[in-house]
Amino acid sequence: KAYAPEYGYKYQLLTRNQKYDRSWEHCDYAKDKTEKNYLLNEYGLAYGAGWEFKVIVLPEKYYKV
């Protein structure tokens with residue numbers, strides 16, 4: 001449910017709200033640490049309280065240039 005990697009991205013962002021569902025769901029991808037931090041901040045503001053985020057570092061074969 002949460003793992004469907006895309007090529008060119010290093011991080012996969014997952015989200016969940018334990019109040020409604022205990023499973024993690026795909027949220028977005030990030031190419032580098034700067035983009036990852038930016039997206040986490042923006043999604044945190046957009047989703048609001050109660051939502052939590054998890055970051056998965058994808059296998060190197062997906063982001064290796």
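A polar contact is a pair of N or O atoms within 3.5 Å; within protein, one of the two must be able to donate a hydrogen and the other to accept it. In the predicted model described here, Thr15 offers a good example to start from: its side chain reaches the backbone oxygen of Glu52 at 3.2 Å. Thr15 is placed in strand S1, which covers residues 11-16. Because buried means under 20% relative accessible area, Thr15, with 5%, counts as buried. Its surroundings can be listed too. Leaving out residues up to four places away in sequence, Thr15 touches Ser23, Trp24, Glu25, Cys27, Tyr47, Trp51, Glu52 and Phe53. One of these, Glu25, is also the bridge partner of Thr15 in strand S2.

The strand that holds Thr15 is a good place to widen the view. S1 is mostly covered, with six of its six residues buried. Tyr11, Leu13 and Thr15 point one way from the strand, while Gln12, Leu14 and Arg16 point the other way, and all are buried.

S1 belongs to an open sheet of three strands, arranged in the order S2-S1-S3 with antiparallel pairing. The edge strands are S2 and S3 (52-57), each of which pairs on one side only. On average, and with direction ignored, neighbouring strands of this sheet are turned by 30 degrees against each other. The pairing can be followed bridge by bridge. S1 and S2 pair in the antiparallel sense over five bridges, and Leu13 has Asp28 as its bridge partner in S2. S1 and S3 likewise pair in the antiparallel sense, over six bridges; here the partner of Leu14 in S3 is Lys54.

Next comes the helix. Helix H1 spans residues 33-47, and its 15 residues reach 21 Å from the first C-alpha to the last, close to the 21 Å expected at 1.5 Å a residue. Both ends of the helix have a detail to look for. At its start, a side-chain oxygen of Asp32 comes to within 3.4 Å of the backbone nitrogen of Thr34. Just after the helix, Gly48 takes a positive phi of about 90 degrees.

How do the helix and the sheet meet? Strands S1 and S2 pair over five bridges, and H1 packs on the sheet, touching S1, S2 and S3, with its direction making about 140 degrees with that of S2. Leu40, which lies in H1, gives a closer look at this meeting. Not counting residues up to four places away in sequence, Leu40 touches Leu13, Phe53 and Val55. The C-alpha atoms of Leu40 and Val55 are separated by 9.1 Å, although the two residues are 15 apart along the chain. Is Leu40 buried or exposed? With a relative accessible area of 23%, Leu40 is partly exposed, because that class lies between the 20% and 50% limits.

In soluble globular proteins, nonpolar side chains tend to be buried together. In this model, the largest nonpolar core has five residues: Tyr11, Leu13, Cys27, Ala30 and Leu39. S1 and S2 (25-30) each supply at least two residues of this core. Another core member, Leu39, is in contact with Leu13, Asp28, Tyr29 and Ala30, leaving aside its neighbours within four places in sequence.

Notes
Residues are numbered from 1 along each chain as its sequence is written. This is a predicted model: local features need pLDDT of at least 70, side-chain atom pairs count only at pLDDT 80 or more; totals for chains, interfaces and linings use all residues. Side-chain values use heavy atoms; hydrogens and water are left out. Helices (H or I, at least four residues) and strands (E, at least two) are DSSP runs, numbered from the N terminus. Buried means under 20% relative accessible area, exposed over 50%, partly exposed in between (1.4 Å probe, protein chains only). Contact means heavy atoms within 4.5 Å. A nonpolar core is a set of buried Ala, Val, Leu, Ile, Met, Phe, Trp, Tyr and Cys residues joined through side-chain atoms within 4.5 Å. The expected span of a helix is 1.5 Å times one less than its number of residues. Two strands pair if DSSP finds at least two bridges between them. Axes are lines fitted to C-alpha atoms, for helices over the stretch in contact, and angles run from 0 to 180 degrees between N-to-C directions.
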